[in-house]
Amino acid sequence: KRGLKSEGRYRESIRQQLERDKLRESFAATAPKSGPAAHVLRLSTSTRDEGLVARIQLLQFDYPFEEVVAQATDRPNNAGKSGDLGWVAEGSQGREFDDVVFSSETPLNQWTEPFAVGNHYEMVMVLDRDDNRPYDQGNIQAIGDRAFDDWLADQKASPDIQRDLSAQERQW
C-alpha cells in the first residue's frame, strides 16, 4: 500500500498496460509466418575494443566460441544474447543486426567486424541463409514486438501528439 498513491492512478496504469498488450498481440498476429531467415552465431560486447579482442581470439588463436562467449558474458553490458541464435527471422532483431546478417555482402562462415547496435557492439557469423523459411513462434513474436516498438517510436515522434495541456485544458 505504501507505493499506491491512488486507486484511480493504479487502475489507469493497468488499463494502459492492457491496451499496450493488445496492440503488441495485434502486431504479432499480422507478422509474416515465413520469409528470409539466417542461422547466426552472435557475440555481444560492451565496447568495440572488446569485440576486436574476441575476434582475434577466435581467428588467430582458435579459441573455442563457447569460451569467448563465456568471457564476454562475464563482463556486464546491455547487449543482446550471445551464442548460437539458431534460425533468426529478418525483422526479429534490430535494424543494424538485419543490415549485416541479411546483406549479400556478408559472407557465410566468417566473423564480421564488430558493429554498433544501440549502446553495445556485436559480431556475427552467418552459418546459412534461407530466403523462405517457416518462422517459429518466438521469431513471429519478436517480429511483432519490433513492429510495435517501431510504430510506438513513430507515434511518439509524431507532431500530432499533444504533450502539454493549456491552463484551460488542465482546469477542465
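The following exercises, each with a worked solution, concern side-chain contacts and the largest pocket in a predicted model.

**Exercise 1. Salt bridges within helix α1**

Determine how far apart Glu 7 and Arg 11 are in helix α1, and decide whether each of them is buried, partly exposed or exposed.

Solution. Begin with the contact itself: the side chains of Glu 7 and Arg 11 form a salt bridge with an N to O distance of 2.7 Å, which falls inside the cut-off of 4 Å. Next, place the two residues in the chain: helix α1 covers residues 7-29, and Glu 7 and Arg 11 are 4 residues apart in it, a separation of about one helical turn. Finally, consider accessibility: Glu 7 has a relative accessibility of 48% and therefore counts as partly exposed, whereas Arg 11, at 55%, counts as exposed.

Repeat the analysis for Glu 19 and Arg 15, giving the distance between their closest N and O atoms.

Solution. The closest N and O atoms of this salt bridge are 2.3 Å apart. Both Glu 19 and Arg 15 belong to helix α1, where they are 4 residues apart, or about one turn of the helix. Glu 19 is partly exposed with a relative accessible area of 42%, and Arg 15 is partly exposed with 37%.

**Exercise 2. A salt bridge between strands**

Identify the strands that hold Glu 122 and Arg 42, and state whether these residues are buried or exposed.

Solution. Start from the salt bridge between Glu 122 and Arg 42, whose closest N and O atoms are 3.6 Å apart. Glu 122 lies in strand β4 (residues 120-134) and Arg 42 in strand β1 (residues 34-45), so that the pair, 80 residues apart, links distant parts of the chain. Both residues are buried, that is, under 20% relative accessible area.

As a last step, turn to salt bridges that share partners: they join Arg 95, Asp 98, Arg 146 and Asp 150 into one network. The total for the structure is 12 salt bridges.

**Exercise 3. Aromatic rings**

Classify the aromatic pair formed by Phe 148 and Trp 151 from the angle between the planes.

Solution. The whole structure contains 5 aromatic pairs. In the pair of Phe 148 and Trp 151, the ring centres are 6.0 Å apart and the planes make an angle of 35°. Because planes under 30 degrees apart count as stacked and those over 60 as edge-to-face, the pair is tilted. Phe 148 and Trp 151 are 3 residues apart in helix α5 (residues 137-157), which is about one helical turn. Their accessibilities can then be set side by side: Phe 148 is buried at 2% relative accessible area, while Trp 151 is partly exposed at 31%. Ring pairs also bring in Phe 27, which is linked with Phe 148 and Trp 151 into a cluster. Another ring, that of Trp 87, has Arg 133 over its face, at 3.9 Å from the ring centre.

**Exercise 4. The largest pocket**

Find which helix gives the most to the lining of the largest pocket, and describe the make-up of that lining.

Solution. The largest pocket has a volume of about 220 Å³. Its lining consists of Arg 15, Gln 16, Glu 19, Arg 20, Leu 23, Phe 148, Leu 152 and Lys 156. Helices α1 and α5 each supply at least two of the lining residues, and α1 gives the most, with 5 residues. By residue class, the lining divides into 3 nonpolar, 1 polar and 4 charged residues. Among the lining residues are Arg 15 and Glu 19, the salt-bridge partners from the opening exercise.

Methods:
Residues are numbered from 1 along each chain as its sequence is written. This is a predicted model: local features need pLDDT of at least 70, side-chain atom pairs count only at pLDDT 80 or more; totals for chains, interfaces and linings use all residues. Side-chain values use heavy atoms; hydrogens and water are left out. Buried means under 20% relative accessible area, exposed over 50%, partly exposed in between (1.4 Å probe, protein chains only). Rings of Phe, Tyr and Trp (its six-membered ring) pair if their centres lie within 6.5 Å; planes under 30 degrees apart count as stacked, over 60 as edge-to-face and the rest as tilted. A charge sits over a ring if NZ of Lys or CZ of Arg is within 6 Å of the ring centre and within 35 degrees of the ring normal. On a 1 Å grid over the protein atoms alone, a cavity is a set of points where a 1.4 Å probe fits but cannot get out, and a pocket is an open set with protein on both sides within 12 Å along at least five of seven lines; lining residues have an atom within 4 Å of a point. Grid points are joined across faces, edges and corners, and a volume is the space filled by probe spheres set on the points. Ala, Val, Leu, Ile, Met, Phe, Trp, Tyr, Cys and Pro count as nonpolar, Asp, Glu, Lys and Arg as charged, and the others, Gly among them, as polar.
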